[in-house]
Amino acid sequence: MKEPHELAIAGYLAVAAGIPHPWRATEYRIDEVAAMVHVWITRQPHTNGNKKRSWFSRLTTVQAIAEAPINGPEMQWRHLNCMNFTCQIHTFDVLDERHFDLPWFGQPGLPFTNRLSRQVFACLKEGLEIPAICDIHNLAFADLWKFKHALDNGQAKFEYTPRQKTDTATHLSTSADSGNVPDVKNPVWERLITGEL
(Lines give C-alpha, C1' and ligand atoms only; values in the text may rest on other atoms or scores of the structure.)
Protein backbone atom coordinates (compact mmCIF):
# COMPACT_ATOMS: atom_id res chain seq x y z
CA MET A 1 0.00 0.00 0.00
CA LYS A 2 1.33 3.44 -0.91
CA GLU A 3 1.90 6.14 1.67
CA PRO A 4 -0.70 8.97 1.61
CA HIS A 5 1.96 11.61 0.89
CA GLU A 6 3.17 9.61 -2.15
CA LEU A 7 -0.35 9.56 -3.55
CA ALA A 8 -0.74 13.27 -2.86
CA ILE A 9 2.45 14.02 -4.79
CA ALA A 10 1.27 11.81 -7.67
CA GLY A 11 -2.02 13.72 -7.64
CA TYR A 12 -0.20 17.07 -7.78
CA LEU A 13 1.86 15.85 -10.73
CA ALA A 14 -1.32 14.80 -12.54
CA VAL A 15 -2.79 18.26 -11.97
CA ALA A 16 0.44 19.88 -13.22
CA ALA A 17 0.24 17.70 -16.34
CA GLY A 18 -3.34 18.89 -16.97
CA ILE A 19 -5.05 15.57 -16.28
CA PRO A 20 -8.57 16.11 -14.88
CA HIS A 21 -10.93 13.89 -12.87
CA PRO A 22 -11.95 11.02 -13.31
CA TRP A 23 -8.38 10.27 -14.39
CA ARG A 24 -5.95 10.08 -11.50
CA ALA A 25 -2.31 9.32 -10.84
CA THR A 26 -1.51 6.03 -9.15
CA GLU A 27 2.25 6.27 -9.10
CA TYR A 28 5.13 8.55 -10.01
CA ARG A 29 8.88 8.35 -10.33
CA ILE A 30 11.27 11.29 -10.46
CA ASP A 31 14.68 10.82 -12.04
CA GLU A 32 16.69 13.85 -10.95
CA VAL A 33 19.76 12.86 -12.94
CA ALA A 34 17.84 12.69 -16.25
CA ALA A 35 15.52 15.56 -15.14
CA MET A 36 12.48 13.41 -15.96
CA VAL A 37 9.23 12.69 -14.16
CA HIS A 38 7.12 9.60 -14.93
CA VAL A 39 3.42 9.58 -14.01
CA TRP A 40 1.18 6.51 -14.22
CA ILE A 41 -2.51 7.37 -14.61
CA THR A 42 -5.77 5.46 -14.61
CA ARG A 43 -9.49 6.09 -14.67
CA GLN A 44 -10.15 3.23 -12.20
CA PRO A 45 -11.80 4.45 -8.96
CA HIS A 46 -10.27 4.24 -5.49
CA THR A 47 -11.39 1.35 -3.30
CA ASN A 48 -13.08 2.00 0.03
CA GLY A 49 -11.19 1.68 3.30
CA ASN A 50 -11.07 -1.62 5.12
CA LYS A 51 -12.25 -2.05 8.73
CA LYS A 52 -9.85 -3.75 11.12
CA ARG A 53 -10.13 -4.68 14.76
CA SER A 54 -7.45 -3.29 17.03
CA TRP A 55 -6.06 -5.03 20.11
CA PHE A 56 -8.90 -3.81 22.30
CA SER A 57 -11.64 -4.78 19.83
CA ARG A 58 -12.17 -1.23 18.66
CA LEU A 59 -13.03 -0.87 15.02
CA THR A 60 -10.59 1.31 13.10
CA THR A 61 -10.61 2.26 9.45
CA VAL A 62 -7.51 1.69 7.41
CA GLN A 63 -7.53 3.66 4.20
CA ALA A 64 -6.61 1.34 1.37
CA ILE A 65 -6.06 2.89 -2.00
CA ALA A 66 -6.32 0.47 -4.83
CA GLU A 67 -3.65 0.24 -7.41
CA ALA A 68 -4.85 0.45 -10.97
CA PRO A 69 -5.73 -3.00 -12.19
CA ILE A 70 -3.37 -4.13 -14.90
CA ASN A 71 -5.80 -4.59 -17.76
CA GLY A 72 -3.56 -4.13 -20.74
CA PRO A 73 -0.05 -3.47 -21.91
CA GLU A 74 1.68 -0.38 -20.61
CA MET A 75 1.43 2.54 -23.00
CA GLN A 76 3.49 5.69 -22.66
CA TRP A 77 3.91 9.06 -24.33
CA ARG A 78 6.18 12.04 -23.86
CA HIS A 79 4.14 14.98 -22.51
CA LEU A 80 4.83 18.71 -22.12
CA ASN A 81 7.72 19.68 -19.89
CA CYS A 82 6.97 20.36 -16.25
CA MET A 83 9.34 23.19 -15.30
CA ASN A 84 12.85 21.85 -16.04
CA PHE A 85 11.71 18.22 -16.07
CA THR A 86 10.53 16.26 -19.05
CA CYS A 87 7.30 14.39 -18.38
CA GLN A 88 6.37 10.88 -19.45
CA ILE A 89 2.74 9.70 -19.13
CA HIS A 90 2.11 5.97 -18.59
CA THR A 91 -1.08 3.91 -18.35
CA PHE A 92 -2.04 0.25 -18.06
CA ASP A 93 -5.73 0.98 -18.78
CA VAL A 94 -7.29 -0.51 -21.87
CA LEU A 95 -8.11 2.56 -23.93
CA ASP A 96 -11.00 3.04 -26.32
CA GLU A 97 -10.51 4.85 -29.62
CA ARG A 98 -11.91 8.06 -28.13
CA HIS A 99 -9.29 8.03 -25.35
CA PHE A 100 -6.47 8.40 -27.87
CA ASP A 101 -7.84 11.88 -28.68
CA LEU A 102 -7.44 13.12 -25.09
CA PRO A 103 -4.70 15.77 -24.72
CA TRP A 104 -2.65 13.76 -22.19
CA PHE A 105 -2.58 10.61 -24.32
CA GLY A 106 -1.21 10.17 -27.81
CA GLN A 107 -1.94 8.20 -30.90
CA PRO A 108 -0.88 4.53 -30.78
CA GLY A 109 2.65 4.11 -32.07
CA LEU A 110 3.53 7.81 -31.77
CA PRO A 111 5.98 9.05 -29.14
CA PHE A 112 4.18 12.24 -28.00
CA THR A 113 0.91 13.09 -26.27
CA ASN A 114 -1.63 14.98 -28.38
CA ARG A 115 -0.86 18.24 -26.56
CA LEU A 116 2.87 17.99 -27.28
CA SER A 117 2.21 16.70 -30.80
CA ARG A 118 0.20 19.82 -31.63
CA GLN A 119 3.01 22.07 -30.46
CA VAL A 120 5.63 20.12 -32.41
CA PHE A 121 3.37 20.09 -35.48
CA ALA A 122 2.92 23.88 -35.27
CA CYS A 123 6.71 24.30 -35.09
CA LEU A 124 7.15 22.12 -38.17
CA LYS A 125 4.49 24.05 -40.08
CA GLU A 126 6.15 27.35 -39.15
CA GLY A 127 9.32 26.05 -40.81
CA LEU A 128 11.51 25.40 -37.78
CA GLU A 129 14.36 22.98 -38.35
CA ILE A 130 14.26 19.61 -36.57
CA PRO A 131 17.33 20.31 -34.36
CA ALA A 132 15.77 23.61 -33.23
CA ILE A 133 12.48 21.87 -32.31
CA CYS A 134 14.46 19.24 -30.37
CA ASP A 135 16.19 22.01 -28.43
CA ILE A 136 13.01 23.99 -27.75
CA HIS A 137 11.01 21.02 -26.45
CA ASN A 138 13.95 18.96 -25.14
CA LEU A 139 13.08 16.07 -27.47
CA ALA A 140 15.13 13.15 -28.63
CA PHE A 141 15.97 13.48 -32.32
CA ALA A 142 14.81 9.88 -32.97
CA ASP A 143 11.38 10.56 -31.42
CA LEU A 144 10.88 13.71 -33.48
CA TRP A 145 11.99 11.92 -36.63
CA LYS A 146 9.49 9.10 -35.89
CA PHE A 147 6.73 11.69 -35.43
CA LYS A 148 7.65 13.51 -38.65
CA HIS A 149 7.74 10.19 -40.54
CA ALA A 150 4.22 9.40 -39.28
CA LEU A 151 3.04 12.85 -40.42
CA ASP A 152 4.61 12.43 -43.85
CA ASN A 153 2.94 9.04 -44.30
CA GLY A 154 -0.52 10.11 -43.12
CA GLN A 155 -0.40 8.10 -39.88
CA ALA A 156 -0.89 11.26 -37.81
CA LYS A 157 -3.12 14.18 -38.69
CA PHE A 158 -3.42 17.55 -37.03
CA GLU A 159 -5.31 20.66 -37.96
CA TYR A 160 -3.20 23.75 -38.35
CA THR A 161 -4.20 27.39 -38.42
CA PRO A 162 -1.39 29.80 -39.19
CA ARG A 163 -1.01 32.88 -37.06
CA GLN A 164 -3.14 35.74 -38.35
CA LYS A 165 -1.46 39.03 -39.15
CA THR A 166 -3.16 42.20 -38.01
CA ASP A 167 -4.25 44.69 -40.64
CA THR A 168 -1.52 47.14 -39.65
CA ALA A 169 1.13 44.43 -39.62
CA THR A 170 -0.09 43.26 -43.02
CA HIS A 171 0.02 46.88 -44.22
CA LEU A 172 3.55 47.26 -42.88
CA SER A 173 4.79 44.07 -44.51
CA THR A 174 3.20 44.88 -47.87
CA SER A 175 4.49 48.47 -47.68
CA ALA A 176 7.97 47.26 -46.81
CA ASP A 177 7.85 44.67 -49.60
CA SER A 178 6.98 47.38 -52.10
CA GLY A 179 9.70 49.67 -50.69
CA ASN A 180 7.22 52.08 -49.04
CA VAL A 181 8.12 52.14 -45.35
CA PRO A 182 5.76 54.43 -43.38
CA ASP A 183 7.10 57.83 -42.38
CA VAL A 184 8.65 58.25 -38.92
CA LYS A 185 5.69 60.42 -37.85
CA ASN A 186 3.18 57.72 -38.79
CA PRO A 187 1.16 56.65 -35.68
CA VAL A 188 1.78 53.00 -36.49
CA TRP A 189 5.33 53.28 -35.06
CA GLU A 190 4.03 54.47 -31.69
CA ARG A 191 1.57 51.56 -31.60
CA LEU A 192 4.42 49.15 -32.34
CA ILE A 193 6.69 50.66 -29.66
CA THR A 194 4.01 50.62 -26.94
CA GLY A 195 3.15 47.01 -27.72
CA GLU A 196 -0.37 47.74 -28.91
CA LEU A 197 0.59 45.93 -32.11
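Q: What makes glycine 154 stand out just after H4?
A: In this predicted model, glycine 154, which comes just after H4, takes a positive phi of about 75°.

Q: How do you know that the span of helix H4 (residues 141–152) agrees with its number of residues?
A: The expected span is 1.5 Å times one less than the number of residues, so the 12 residues of H4 should span 16 Å, and the end C-alpha atoms are indeed 16 Å apart, which agrees.

Q: How do you know which side of H4 is buried, and what covers the buried residues?
A: The buried residues of H4 are Leu144, Phe147, Ala150 and Leu151. They cover an arc of only 120° around the axis, and therefore lie on the same side of H4. Their cover includes helix H2 (114–125) and helix H3 (130–137), whereas the face turned away from the buried side carries the exposed residues Ala142 and Asp152.

Q: Why is histidine 99 called buried?
A: Buried means under 20% relative accessible area, and histidine 99, at 4% relative accessibility, therefore counts as buried. Histidine 99 is found in the loop between strand E6 (85–91) and H2, and, leaving aside neighbours within four places in sequence, is in contact with Trp23, Arg43 and Phe105.

Q: Why is tryptophan 189 called partly exposed?
A: Partly exposed lies between the limits of under 20% for buried and over 50% for exposed, so tryptophan 189, at 31% relative accessibility, counts as partly exposed. Tryptophan 189 lies in helix H6 (residues 187–193), and together with Val181, Leu192 and Ile193 forms a nonpolar surface patch with about 390 Å² of accessible area.

Definitions and conventions: Residues are numbered from 1 along each chain as its sequence is written. This is a predicted model: local features need pLDDT of at least 70, side-chain atom pairs count only at pLDDT 80 or more; totals for chains, interfaces and linings use all residues. Side-chain values use heavy atoms; hydrogens and water are left out. Patches are made of residues with over 30% relative accessible area and no salt bridge: like charges are joined within 9 Å, nonpolar side chains (Val, Leu, Ile, Met, Phe, Trp, Tyr) within 5 Å. Accessible areas come from the Shrake-Rupley method with a 1.4 Å probe; for residues, only the protein chains shown count as cover. A salt bridge is a side-chain nitrogen of Lys or Arg within 4 Å of a carboxyl oxygen of Asp or Glu. Helices (H or I, at least four residues) and strands (E, at least two) are DSSP runs, numbered from the N terminus. Buried means under 20% relative accessible area, exposed over 50%, partly exposed in between (1.4 Å probe, protein chains only). The arc is that of the directions from the helix axis to the C-beta atoms. Contact means heavy atoms within 4.5 Å.
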